[in-house]
Amino acid sequence: MGNYVTTGNYKVAEELYEFINQEVLPGTGLDQDTFWTDVERVIGELMPENQRLLEHREKLQKEISQWHKENKGNFNFAQYKAFLEEIGYLEPEVSDFKVTTQNVDDEVTIQAGPQLVVPVNNARYALNAANARWGSLYDALYGSDIISEEDGAEKTGAYNPIRGQKVIAYAREFLDQAVPLANHSHKEATGYKISNGQLSVSLENGETANLMNPEQLIGYTGKTDEASSILLKNNDLHIEIQIDKNDSIGRTDLAGVKDVYIESAITTIMDCEDSVTAVDVEDKVLVYKNWLGLTKGDLTSTFSKNGKTITRSLNPDREYTSVNGETVTLHGRSLMFVRNVGHLMTTSAVLNEKGQEVPEGILDCIITSLIAKHDLLQTGSYRNSSEGSVYIVKPKMHGSKEVAFSNQMFEKVEDMLGLERNTLKIGVMDEERRTTLNLKNCIKEVKDRIVFINTGFLDRTGDEIHTSMEAGPMVRKNDMKSLTWLQSYEKANVSVGLACGLQGHAQIGKGMWAMPELMKDMIEKKIGQLEAGANTAWVPSPTAATLHALHYHQVDVKAVQAQLINKNEDYTDDILTIPIAEKPDWTQDEIQEELNNNAQGILGYVVRWVDQGIGCSTVPDINDIGLMEDRATLRISSQHMANWLHHGICTEEQVVETLKRMSKIVDEQNAGDPNYQPMYNNFDQSVAFQAAKDLVLKGYDQPNGYTEPILHKRRLEVKSKVTAN
Ligand SMILES: CC(=O)SCCNC(=O)CCNC(=O)[C@H](O)C(C)(C)COP(=O)(O)OP(=O)(O)OC[C@H]1O[C@@H](n2cnc3c(N)ncnc32)[C@H](O)[C@@H]1OP(=O)(O)O
Ligand SMILES: O=CC(=O)O
Ligand SMILES: [Mg+2]
């Protein structure tokens, strides 16, 4: 156990104490002693209720499991629903209301666009994410599978001009769609300039063309007759055509266009939760330190890439000249949200008067808000929120009482930090079944501070499996997405959000594209989230943000929402359909294939989490497709295996044999990593292998099927071994 400092009746890990006192409190106007006294008071006031809420989760789960056991083979939907009402799992719906959230930035209220998520403990990635407000369309296309490698357009080591031409053609088509010329195409362009307050495009045939919608021109850089860039706008998103005839690409282009920059990650979630490993004070301080650096604007990361040493820092804002000669300043960085952890876990960073670890979610709320006070007071070099708000994403809440608890926590933290009421905004993850079913009630509890609802379908799938664990064996993992419960959950989220008046106050968001390498597929499918009424949706990388941004030029989400607003349907019964396989008739091969796939995902992710502290990884699935794995996808795979085991679809021996066999494959996939510890034939020594096994064999008993308790315990075991050696 590390060193602790006594503050009142509490003990605070020295590393956290020093960090807060020396690096965070100065400049916030808060007194050190008062701050720590308030920490003790606020945690002390909230901790018992936090505990009660967790016990209530357990109680409901036990009751649901018992009901399924008693009704096995005799399932009656009406009785099931009545039972859920009786135990308070289904809450009586509150009467109609509208949210009133104020002081929300345009990135949330006006602009519809991609939301990037990044593990905040990785400074290099986090800086990249904040800077991903703007992205090169040429780079994103060139590096992705959207541009086929046919006809000599392979991605070679050096620049391939054939591929480059395909990229340029694609980008011109995009410009024709988003910022079309009157009667002409950007493909004909031989030059762009500003003339008589308009964009004037010279064409191959010697004529000139103007924009079909002249008001799309916002500004330029350089000179009017020799612009270095042209700034355009469509659907509230900016596009910058960059021109440089001397550039290696610009030289090959008749109009000298060297790139098309796209406003991409409009908002970014700096994640302290499912994509990070933070199991002790050392990890927590790193998380908080990076959030501080991002907030104050002084975070840097130095690394070597392609033989060069690079120091990355936050990008400045972007300046242009309007056609009237005024300065136009655009945000150079994504609007940052910070995702705190949920109500479940505790942290050893602070111990209460009984020596117990305190709830990590409460500590996150206090510290991430305290850090954000630097933005409100503008002590740093950049401003995150122009409206003076702090954006906190709260995950994994079950039902409206838990949301009410978060609201209470936010109020207490506002008071202790001297912030005006509702400065702390909340993004509510709709990712647990009890929240989906009672979403309207949940929103009501935070109606003055809510800035988003988001369908975290990954956690939501894990919760779906765990909640109905006793109902029967679940359908195969990849069949889940097309089922009634999930489709209606997605529709209900939009419908409830619109009915509560989120438009203009808060985002209606949709979930992660979890296949970071399949961008062609993403371009084809992810547009569906906008067509379903979402004004933001999650992407795993800056490249995906730039490419997904194209969708918001194609779909006017405000118009979609206006069409959906009166379709206020009740989806409850559909959401309640349980995804069990009615008559499981899988062959042994199919069962083994499903187990192999889940085991590979579990092992591939867990081995990096437990052994190396990497909380988000690309792990190849059984078909060698790289999948983004985080704690939520782990929850699905481990709960799925636990469910099949529980229902005798497979045996414990088969599970263990599968894990052992797949560990060999995962070892091979990681062969190039010098820090990797093999699992195969090292089963008893490998803590990671043990963790993976526990996640399945003990999966039935994990609270709501969460993976954190086992992961944290096993990671701490590895860390203590490293320290001991
Ligand atoms: C259910 C949920 O909760 S989902 C939310 C949690 N999930 C996430 O946060 C996903 C975040 N994404 C990631 O962590 C990563 O994209 C991964 C792990 C999926 C893939 O990472 P890698 O295998 O390292 O990606 P890859 O090698 O293709 O690319 C690395 C480059 O892309 C950048 N990059 C990749 N993902 C991100 C990201 N999310 N934000 C910023 N930059 C990123 C890196 O900075 C790096 O560029 P650099 O060398 O210039 O620094
Ligand atoms: O947090 C996101 C999810 O899908 O879970
Ligand atoms: Mg989640």
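A residue counts as buried here if 20 or more other C-beta atoms lie within 10 Å of its own. Keep that cut-off in mind for the views below, which show a predicted model.

**View 1. Cys 616, a buried residue in a loop.**
Let us start with Cys 616, which has 23 other C-beta atoms within 10 Å and is therefore buried. Its loop runs between helix 20 (588-612) and strand 25 (617-620). Leaving out residues up to four places away in sequence, Cys 616 touches Pro 119, Ser 275, Met 628 and Asp 630. An unreviewed UniProt entry annotates Cys 616 as "modified residue: Cysteine sulfenic acid (-SOH)".

**View 2. The shell around ligand 1.**
Cys 616 appears again here: of the 25 residues around ligand 1, those that come nearest are Val 117, Ala 129, Ser 275, Cys 616 and Ala 632. Strand 3 (115-119), helix 5 (123-131) and strand 25 are the elements that give two or more residues to this shell. By class, the shell around ligand 1 holds 14 nonpolar, 6 polar and 5 charged residues. Domain 1 (80-133 + 266-575) and domain 3 (588-724) each supply at least three residues to the shell around ligand 1.

**View 3. The surroundings of ligand 2.**
Which residues surround ligand 2? They are Asp 274, Met 429, Glu 431, Gly 456, Phe 457, Leu 458, Asp 459, Gly 511, Met 512 and Ala 632. Helix 13 (residues 457-467) gives the most to this shell, with 3 residues. The shell around ligand 2 is made up of 5 nonpolar, 2 polar and 3 charged residues.

**View 4. Domains along the chain.**
Stepping back, the domain assignment of the protein chain gives domain 1 (80-133 + 266-575), domain 2 (136-263) and domain 3 (588-724). Taken over C-alpha atoms, the centres of domain 2 and domain 3 are separated by 46 Å. For residues 16-71, an unreviewed UniProt entry lists the feature "domain: Malate synthase N-terminal". This span is 86% helix and 0% strand, and its end C-alpha atoms lie 51 Å apart.

**View 5. Strand 11 and its pairing partners.**
Is strand 11 (residues 257-263) mostly covered or mostly uncovered? Strand 11 is mostly covered, with 7 of its 7 residues buried. Strand 4 (residues 134-136) pairs with strand 11 in the antiparallel sense, over 3 bridges. Along this pairing, Gly 135 stands opposite Ile 262 in strand 11. Strand 10 (residues 237-243) is also antiparallel to strand 11, and they pair over 5 bridges. Here you can find Ile 241, whose bridge partner in strand 11 is Val 260.

**View 6. An open sheet of 3 strands.**
The strand order in this open sheet is 5-6-7, and the pairing is antiparallel. Strand 5 (189-195) and strand 7 (208-209) stand at the edges with a single partner strand each, so one side of each is left without a neighbour in the sheet. Strand 5 and strand 6 (residues 198-203) are joined over 6 bridges in the antiparallel sense. Look for Gly 191, which stands opposite Ser 202 in strand 6.

**View 7. Helix 23 among other helices.**
Why is helix 23 (residues 687-697) described as largely enclosed by the rest of the structure? Because 8 of its 11 residues are buried. The buried residues are Val 687, Ala 688, Phe 689, Ala 691, Ala 692, Lys 693, Leu 695 and Val 696. They pack against helix 20, helix 21 (631-646), helix 22 (652-669) and helix 24 (708-724).

**View 8. Two loop residues, Tyr 571 and Ile 580.**
Tyr 571 is found in the loop between helix 18 (557-564) and helix 19, while Ile 580 is in the loop between helix 19 (572-575) and helix 20. Tyr 571 is buried, because 21 other C-beta atoms lie within 10 Å. Ile 580, with 17 other C-beta atoms within 10 Å, is partly exposed. Not counting residues up to four places away in sequence, Tyr 571 touches Ser 488, Lys 491 and Ala 492. With neighbours within four places in sequence left aside, Ile 580 is in contact with Ser 468, Ala 471, Gly 472, Pro 473 and Met 474.

Notes. Residues are numbered from 1 along each chain as its sequence is written. Chains are lettered from A and ligands numbered from 1 in the order in which they are written. This is a predicted model: local features need pLDDT of at least 70, side-chain atom pairs count only at pLDDT 80 or more; totals for chains, interfaces and linings use all residues. A residue is near a molecule or strand if its C-beta atom, placed from the backbone, lies within 6 Å of it. Helices (H or I, at least four residues) and strands (E, at least two) are DSSP runs, numbered from the N terminus. Ala, Val, Leu, Ile, Met, Phe, Trp, Tyr, Cys and Pro count as nonpolar, Asp, Glu, Lys and Arg as charged, and the others, Gly among them, as polar. UniProt positions are given in the numbering used here, feature names are shortened, and annotations may be inferred rather than shown by experiment. A residue is buried if 20 or more other C-beta atoms lie within 10 Å of its own, exposed if 12 or fewer, and partly exposed in between; C-beta atoms are placed from the backbone. Two residues are in contact if their C-beta atoms, placed from the backbone, lie within 7 Å. Two strands pair if DSSP finds at least two bridges between them. Domain bounds come from an automatic or database domain assignment.
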